[in-house]
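Please look through the sequence and the 3D model below, and keep both in view while you read. The paragraphs that follow begin with single charged residues and then move on to a sheet.

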Amino acid sequence: MPRDDISATSSLSARQKQSVSSGIRTVHPIYLDRGENAEVWDCDGKRYLDFVGGIGVLTLGHRHPAVMAEVTAQLERFTHSCFNALPHEPYIAVTDWLAQHCPIEGPAKSMLTNSGAEAMENALKLARAFTGRSAVIAFDGGFHGRTMATLSLTGKVAPYKAGLGAMPGTVHHIPYPCPEAGVSDDDALSAIDRLFKIVAEPKSFAAVVIEPVQGEGGFRACSPDFLNGLRQLCDAHGMILIADEIQSGFGRTGKMFAIEHAGVCPDIVVMGKGIGGGFPLAALTGAEDVMSAMAPGGLGGTYSGNPVACAAAQGVFKAFANDDILARADALGQRYCDHIEKLRTLPGGDVIGRMRGIGAMRAFELVDGDGAPSPKRLQTLLQRARQNGLLLMPSGEYANVVRLLAPLTIPFDQVDAAFAIIARLLPALVDVQ
């Protein structure tokens, strides 16, 4: 127990330094005690508005009633069974739903995993098995996980790859086409064409992996035309198109999956975060022939598709069906847009740069007096917003982008309160150089 003159936060911070790897960096130096929808309280009793949401996991907020009801019922039945050894209905209930709702052309099959990175690892395995090839095309600024294979895909060195040496596999990175990067669709497609002419022939590539809207990359979105171009490219050369929807999926953009805005069907959709309603669950869903490319026993995992996490997912599915969450995402996204535009008109509003994203997957930049990225102003905003009861999440290629990851279920008066805090802090940010 901490001494009376030491706060619970200070005590936990000291314990973290003693026993937690220094390779794990935390954005906010507070320790959560409880949460309810978009509100959280730390171990010293201070209340915050949570615009971090477990980095996009809590699409329906902390402890959504539908999720908690399903989890509670499952806890009374059994808590674990390795599906590879002894299958269970909750797993199949999730894969049934995915087969009906994922944007896959024709019959679809799924595999459940513990995390998005694990799902992506298995997507790469299936792409290799199906095509008989190994090389992969990925994009600058993308984030696909911290395991070794997914690090190869991730389009950023520091801090994820620093000091690790050569990455496994053969991955070629292409500029991500978006206005923020100054890269056009033609630029990116030309870069792929150059890759095929100079580095490796198309028949050596198993897959193209892309986030329709980049998460860690700062909510940069590529165009529907580009995604259609990738679909055509993959069809022409026998490659698998893998859509990483780990952060953009489950309603964040106003559609269940961001790639649906383009009307494109990938061969595999990789998902995680929002599917489990706060419980560790991820999945990959793909075309039947691709998902059946490995021999029985080639896929699986001890905890993959844990029955309690699968029950939580069923609560998520029910909430989407009963509460019109997609319409709520559109309305929340519009409210974000209105607030961000208003910030620019306020004293100190010149520190607000471009708005990014689609639907409720929104972000805004912090810039200096010349309009250049300002990570210092972002860090100042994070600290001062936290002191005022608002938790925000950084991102972006220059660490100057605030991504808004509040639950889609957040009451609008709490959205207004969050932006009122940001508005009050703007004048002070002008002095940060």
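Arginine 231 counts as buried in this predicted model, because its relative accessibility is 14%, which falls under the 20% that marks a buried residue. Its salt-bridge partner is aspartate 235, with the closest N and O atoms 2.9 Å apart. Aspartate 235, by contrast, counts as exposed, since its relative accessibility of 54% lies over the 50% limit. Both residues belong to helix H8, which covers residues 224-237, and they sit four residues apart, or about one turn of the helix. Side chains of opposite charge can pair when their charged atoms come close.

A second pair to find is arginine 344 with glutamate 341, a salt bridge whose closest N and O atoms are 2.9 Å apart. Here arginine 344 counts as partly exposed at 27% relative accessibility, and glutamate 341 is also partly exposed, with a relative accessible area of 41%.

How many salt bridges does a search of the whole structure find? The search finds 14, and one of them takes us to the sheet, where the side chains of arginine 354 and glutamate 365 meet at 3.3 Å, N to O. Arginine 354 lies in strand S11 and glutamate 365 in strand S12, so this pair ties together parts that are 11 residues apart in sequence. Arginine 354 is partly exposed, with a relative accessible area of 41%, whereas glutamate 365 is buried, with a relative accessible area of 5%. These two residues also belong to a network, in which salt bridges that share partners join Arg220, Arg354, Arg356, Glu365 and Glu397.

The strands that hold this pair are part of an open sheet of four strands, which has the order S11-S12-S15-S14 and antiparallel pairing. Strand S11 (352-358) and strand S14 (393-395) are the edge strands, each of them pairing on one side only. From one strand to the next, the twist averages 30 degrees.

If you follow the chain along S11 and then along S12 (residues 361-366), you will see that the two run antiparallel and are joined by five bridges. One place to look is isoleucine 358, whose bridge partner in S12 is methionine 361. Finally, helix H12, made of residues 375-387, lies across S12, S14 and strand S15 (401-404), and the helix runs at about 120 degrees to S12.

Conventions. Residues numbered from 1 in each chain as written. Predicted model: local features only at pLDDT ≥ 70, side-chain atom pairs only at ≥ 80, totals over all residues. Heavy atoms only, no water. Pairing = 2+ DSSP bridges. Axes fitted to C-alpha atoms, helices over the stretch in contact; angles between N-to-C directions. Contact = heavy atoms within 4.5 Å. Salt bridge = Lys/Arg side-chain N within 4 Å of Asp/Glu carboxyl O. Buried < 20%, exposed > 50% of the residue type's maximum accessible area, 1.4 Å probe, protein only.
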